[in-house]
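Student: I have just opened this protein and would like some help finding my way around. Could we go through it together?

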Amino acid sequence: MAITTKQQRQQRRNEALQLISDGVPPTDAATQLSQTWGCSRRTSLRDIELAQSELANALNSVEIQHMVGWLATQYQRLAAKAERDGQYAAACGALNSLRVMLVQPQLDRQFEAHFRGRFTHHAHRR
C-alpha cells in the first residue's frame, strides 16, 4: 500500500476536479487517475466524488437559478418538439421532469409545513 503525502493527495484531487470540469465521465476520469497516479480505482473514485461535491458547492444561488431556468426552457422545448413529432412518451417524460424540478419542491414544502409528524385527523372508529 502506497503512502501518499497531503500534497500528493491535493494534486490528485485537483487533477480529478480538472477532469470532471472538462466533461470527462467519472468512470473514464477514475481510469485516468489510477493510471497517472498509480492508485486504486476506489481511491480515484473517492477523489472524483470529492471533486464533484466541490463543484456543487461552488455554485451559488444565482447560478443555480439560471441553471434551473435554462433546464426548464430546454425541457419545455423538448416536450413541444416531441409532441409535434408524435413522440408522446418523450413529451410526457420531459413534462414529468419539468414537474419534478419546478412544482414538486413547492408541494413538498407545503406538505412539511402542515404535517406535524403524525396524522391527527382520524376517521371515526367503530
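Here is a short conversation about this predicted model.

Student: How many helices and strands are there in the protein?
Tutor: Let's follow the chain from the N terminus, where the elements run α-α-α-α-α-α. The count for the protein is 6 helices and 0 strands.

Student: Is arginine 12 buried or exposed?
Tutor: Start with its place, which is in helix H1, residues 6–21. Beyond its neighbours within four places in sequence, arginine 12 is in contact with several residues, including Thr4, Leu33 and Trp37. Buried means under 20% relative accessible area. Because its relative accessibility is 5%, arginine 12 counts as buried.

Student: How far apart are the end C-alpha atoms of helix H3, and what span should its residues give?
Tutor: Helix H3 covers residues 41–58, which is 18 residues. At 1.5 Å a residue they should span 26 Å, and the end C-alpha atoms agree with this, being 26 Å apart.

Student: Which residues of H3 are buried, and what arc do they cover around the axis?
Tutor: The buried residues of H3 are Thr43, Ser44, Asp47, Ile48 and Ala51. They lie on the same side of H3, because the arc they cover around the axis is only 140 degrees.

Student: And what covers the buried residues of H3?
Tutor: Turn H3 around for a moment: the face away from its buried side carries the exposed residues Arg42, Glu49 and Asn57. Now back to the buried residues of H3, whose cover includes H1 and helix H2 (26–37).

Definitions and conventions
Residues numbered from 1 in each chain as written. Predicted model: local features only at pLDDT ≥ 70, side-chain atom pairs only at ≥ 80, totals over all residues. Heavy atoms only, no water. Helix = DSSP H or I, 4+ residues; strand = E, 2+ residues; numbered from the N terminus. Buried < 20%, exposed > 50% of the residue type's maximum accessible area, 1.4 Å probe, protein only. Contact = heavy atoms within 4.5 Å. Expected span 1.5 Å × (residues − 1). Arc of directions from axis to C-beta.
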